[in-house]
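Biologist: I have a fold open on my screen and I'd like to learn how to read it. Could you walk me through it, feature by feature?

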Amino acid sequence: MSHFSQIKTQIRNLTSLQSALSDLGMDWKSGPRDVRGYRGQTQAAEVVIEQDNGYDVGFAWNGHEYELVADLQFWKLDHSVDRFLSKVTQRYAYHTIVNESAQKGFQLSEQQKNEDGSIRLVLQRWSA
């Protein structure tokens, strides 16, 4: 029986996910790679974060989105699972907005981090 947990996300763009993890200072490896779990079990993932304890955290494509894959019994990242996913999701949204806006001709002109942790972005587009 597998010890791995799969946690659904709304993450669909691999490049934005990788940028988000880099923003958070995570040392991630690009896949496909194996996420290591209990008693040598593995599961394939497109992004893997190796932990010092020999067990990994990964993001695997399920056909619709990237799920967080890990043996939660051996979770050793600095934040809880919920807090980690919240931080990743916020940075993912930031990169998705900036990248999608740039494709439509907008530029990021102002960025402000608020006391509550939210980020305010001002985008602009010049037309001729």
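Biologist: Let's start with the sheet. In what order do the five strands of the open sheet come?

Modeller: The general idea is that strands of a sheet pair through backbone hydrogen bonds, either parallel or antiparallel. In this predicted model, reading across the open sheet gives β1-β5-β4-β3-β2, with antiparallel pairing.

Biologist: And which strands are the edge strands?

Modeller: Look for strands that pair on one side only: here those are β1 (5-7) and β2 (28-36). While you're there, check the twist: neighbouring strands of this sheet are turned by 40° against each other on average, direction ignored.

Biologist: Let me zoom in on one pair. How many bridges join β4 to β5?

Modeller: Five, between residues 56-61 of β4 and residues 66-70 of β5, and the two strands run antiparallel. To get the register, pick one residue and find its partner: Phe-59 is bridged to Leu-68 in β5. As you step along, remember that in a regular strand the side chains alternate between the two faces of the sheet.

Biologist: Now the helix. Which strands does α1 lie across?

Modeller: Helix α1, residues 14-23, lies across β2, β3 (42-50), β4 and β5, and runs at about 45° to β3. To see which side faces inwards, go by burial, meaning under 20% relative accessible area. In α1 the buried residues are Ser-16, Leu-17, Gln-18, Ala-20 and Leu-21. They pack against β2, β3, β4 and β5, and also against α2 (81-103).

Biologist: What happens at the two ends of α1?

Modeller: At the N-terminal end, Asn-13 acts as a cap, with a side-chain oxygen 3.1 Å from the backbone nitrogen of Thr-15. After the helix comes Gly-25, which has a positive phi near 75°.

Biologist: Which residues lie nearest the centre of the largest pocket?

Modeller: Gly-25 turns up again, together with Met-26, Ile-49, Leu-77 and Asp-78, out of 16 lining residues. The elements giving two or more residues to that lining are β3 and α2. The pocket holds about 330 Å³ of space.

Biologist: One more pair, then. How do β6 and β7 pair?

Modeller: In the antiparallel sense, over six bridges, with β6 at residues 107-113 and β7 at residues 119-124. Lys-113 has Ile-119 of β7 as its bridge partner. Then look at the turn: this hairpin has five residues between the strands, and Gly-117 takes a positive phi near 95°.

How values were computed
Residues are numbered from 1 along each chain as its sequence is written. This is a predicted model: local features need pLDDT of at least 70, side-chain atom pairs count only at pLDDT 80 or more; totals for chains, interfaces and linings use all residues. Side-chain values use heavy atoms; hydrogens and water are left out. Two strands pair if DSSP finds at least two bridges between them. Helices (H or I, at least four residues) and strands (E, at least two) are DSSP runs, numbered from the N terminus. Axes are lines fitted to C-alpha atoms, for helices over the stretch in contact, and angles run from 0 to 180 degrees between N-to-C directions. Contact means heavy atoms within 4.5 Å. Buried means under 20% relative accessible area, exposed over 50%, partly exposed in between (1.4 Å probe, protein chains only). A polar contact is a pair of N or O atoms within 3.5 Å; within protein, one must be able to donate a hydrogen and the other to accept it, and residues adjacent in sequence count only if both atoms are side-chain atoms. On a 1 Å grid over the protein atoms alone, a cavity is a set of points where a 1.4 Å probe fits but cannot get out, and a pocket is an open set with protein on both sides within 12 Å along at least five of seven lines; lining residues have an atom within 4 Å of a point. Grid points are joined across faces, edges and corners, and a volume is the space filled by probe spheres set on the points.
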